[in-house]
Every structure is written in structure tokens, then in C-alpha cells.
Amino acid sequence: MKNVVIRRWAVGAAGMVLGLGAVGCGAEKSGGTTADHAPGAEIAARTASTATPTPKSPAQRPLTQNQLEQAVVDERDLPGWTISRLGDGTDGFGDGTVSALREEATRPVSCAPVGAALSGASKYTPLGSVTRMTQNEDGISGLHLVSYRAADAARVMDELRSALAACTAYTMTFPADTTFEKLRRTGDPHQGDEGVSFRLDVVSRSPSGASDPYRSLQSFQVIRSGSTVAVFDAVDMDAYRVKKIPAALVTAQMKVLESGGHRR
């Protein structure tokens with residue numbers, strides 16, 4: 001039964017875009033980002049390095065995969081919640097599976113930062129990632145923590161903010177014909193160094209068109225703390241209505257992350 005719940009959550013939320021290559025290939029431990037070879041990247045990198053101060057707190061520095069796994073919430077932080085680690089048997093979900101996403105997977109490409117954010121990804125290569133499914137009496141929510149190089153983490157947020165200002169709808173054609181509509185910002189969260197919140201309608205159609213489209217309303221919060229980007233999502237699986245991301249989940253996760261993680 002647990003696997004059924006996990007799969008329903010995956011299909012209803014970020015799982016719709018995981019087949020595009022955002023996850024399942026493993027996080028790369030070394031090498032440059034996809035932006036390293038873009039025109040003007042060297043100038044941009046120099047500018048970012050001078051404009052972005054080097055984090056001095058250990059919690060603000062880029063986290064390794066092992067450090068990131070210690071910085072994710074568990075039942076100690078949220079008594080009464082069920083927090084599930086996703087891995088074998090759940091279609092490629094799990095720790096260390098988020099990787100850089102090709103911008104061409106989204107049309108128009110200007111909306112790519114939004115499309116990537118739904119699965120916790122971006123066009124930049126992460127240093128590590130964790131994924132959790134959380135559940136309490138109010139329902140199911142998803143959580144990604146993704147560690148980046150300092151300059152890349154800031155770029156992820158800048159590009160997401162720009163995309164949210166310009167995009168109202170976009171499409172992805174794999175693994176299913178999916179349209180994302182009525183994209184709108186819903187205010188900025190107050191945790192971390194910076195963040196954005198948004199909602200969108202997800203309209204899924206079968207390839208044959210034999211059945212009516214399935215529409216769901218999904219909510220997201222994306223928060224940067226130092227070099228780590230946290231993505232929270234919530235979707236109502238049974239009715240087309242707003243499902244709020246639990247404030248307790250966001251508060252607890254940011255507290256653990258900014259304190260340097262659990263001491264095991």
C-alpha cells in the first residue's frame with residue numbers, strides 16, 4: 001500500500017517531469033555546470049564571485065551528499081509525521097538522483113526554470129540531493145534539498161524568479177503530454193536567504209486522447225539557504241482545490257538545514 005501512495009504522489013506532483021532526466025542518473029560529484037561553456041559565462045562567473053561573499057558558517061557552505069542527508073528533516077523534528085525516504089522500487093526517486101535538466105525539455109524554453117523546479121532540479125549540476133515524501137493528518141507533501149556551488153545556487157533563484165515573471169503556461173511532452181497552466185506567484189516565503197512561492201494547474205492527457213484530461217492544482221515553495229535550495233510541494237490528489245504547503249514542515253526543515261544538520 002505504501003508503494004501505491006508513493007506512486008500517486010509522484011505522478012500527481014514532481015514525478016510528472018522526472019522522466020525528462022531531472023532524476024535517475026545520479027548527482028554528478030565533479031565537473032562544471034551546463035553554464036560553464038555558455039557565451040559570457042567566464043565574465044558572469046567573475047562577477048558573481050566578487051558580488052557573492054563566501055559563506056563563513058558551515059551551514060551556509062556547499063554541502064556534500066552525506067552532509068545533505070544529515071540536514072533533512074525526520075520524525076525527530078516533526079513528531080507525529082511520517083517522513084519517507086524514496087529509493088529502490090519507486091521509479092528512480094531517491095537521494096542523489098537529481099541532476100542537471102536540459103532546457104529544451106520545456107516549451108517555451110524561457111519557462112524551463114519553472115519546469116525544472118517542480119522536480120527540485122535546474123540546468124546547473126548539483127553537488128548532492130535528497131528527496132522525501134512527508135505525510136500528516138492533512139495529507140502528503142514533497143521535499144527536495146539540492147546542494148550547489150555558491151554562485152549556481154544564486155543563479156537558480158535568479159532564473160526562477162525571472163521565469164515566473166514572464167511565464168503563464170508551458171508544456172512538456174515526455175513522459176506524457178502535460179500542460180502547465182495558470183502559473184502565478186503567491187508571495188515570497190520569509191525563511192532562508194531568499195525564496196519564491198507559486199501555484200500552477202497541471203493538465204495531463206493520455207497519448208491517445210481516449211480519456212478526459214486530469215487536472216490538479218499544485219503549490220510550490222523554493223527557498224535558498226546559502227548554497228542549498230529547498231523545494232516544497234503540495235497537491236490535492238482527490239479534488240481540484242488549493243493545498244497549502246504545511247508551514248510546520250518548512251519551518252522545521254529550514255531550522256535543521258541552517259543549524260548544520262543532525263548530529264548522528
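Helices and strands here are DSSP runs, numbered from the N terminus, and the loop in one of the views below is named by the two such elements on either side of it, β1 and α4. The model shown is a predicted one.

**Figure 1. The whole protein, with 6 helices and 8 strands.** Start here to get your bearings. Following the chain, you meet the elements in the order α-α-α-β-α-β-β-α-β-β-β-β-β-α. Of the 264 residues, 51% count as buried. Look also at how the chain meets itself: among contacts with a separation of 6 or more, 68% are made by residues 24 or more positions apart. The accessible surface comes to about 12200 Å², and carbon and sulfur atoms hold 53% of that surface.

**Figure 2. A cis peptide bond between Arg107 and Pro108.** Most peptide bonds are trans. The bond from Arg107 to Pro108 is cis instead, and its omega is near 0°. To find Pro108, look in the loop between β1 (82-85) and α4 (112-117).

**Figure 3. Lys182 and its positive phi.** Most residues other than glycine have a negative phi. Lys182 is not a glycine, yet its phi is about 50°. This residue sits in strand β5, which covers residues 177-185. Is Lys182 buried or exposed? Lys182 is exposed, because its relative accessible area is 51% and exposed means over 50%.

**Figure 4. A salt bridge between Arg102 and Glu104.** Side chains of opposite charge can pair when their charged atoms come close. In this pair, the closest N and O atoms are 3.7 Å apart. Arg102 is partly exposed, with a relative accessible area of 49%, while Glu104 reaches 55% and counts as exposed.

**Figure 5. Glu194 meets Arg161 in a salt bridge.** The N to O distance is 2.6 Å. Arg161 belongs to helix α5 (residues 150-166) and Glu194 to strand β6 (residues 194-205), so the salt bridge ties together parts that are 33 residues apart in sequence. Arg161 is partly exposed at 25% relative accessibility, whereas Glu194, at 17%, is buried.

**Figure 6. Glu194 also meets Arg224 in a salt bridge.** Here the N to O distance is 2.7 Å. The partners are distant along the chain: Glu194 is in strand β6 and Arg224 in strand β7 (residues 214-225), 30 residues apart. Arg224 counts as buried, at 16% relative accessibility. Which residues are linked in a network of salt bridges? They are Asp158, Arg161, Asp193, Glu194 and Arg224. The count of salt bridges in the model comes to 14.

Conventions:
Residues are numbered from 1 along each chain as its sequence is written. This is a predicted model: local features need pLDDT of at least 70, side-chain atom pairs count only at pLDDT 80 or more; totals for chains, interfaces and linings use all residues. Side-chain values use heavy atoms; hydrogens and water are left out. Helices (H or I, at least four residues) and strands (E, at least two) are DSSP runs, numbered from the N terminus. Buried means under 20% relative accessible area, exposed over 50%, partly exposed in between (1.4 Å probe, protein chains only). Contact means heavy atoms within 4.5 Å. Accessible areas come from the Shrake-Rupley method with a 1.4 Å probe; for residues, only the protein chains shown count as cover. A salt bridge is a side-chain nitrogen of Lys or Arg within 4 Å of a carboxyl oxygen of Asp or Glu.
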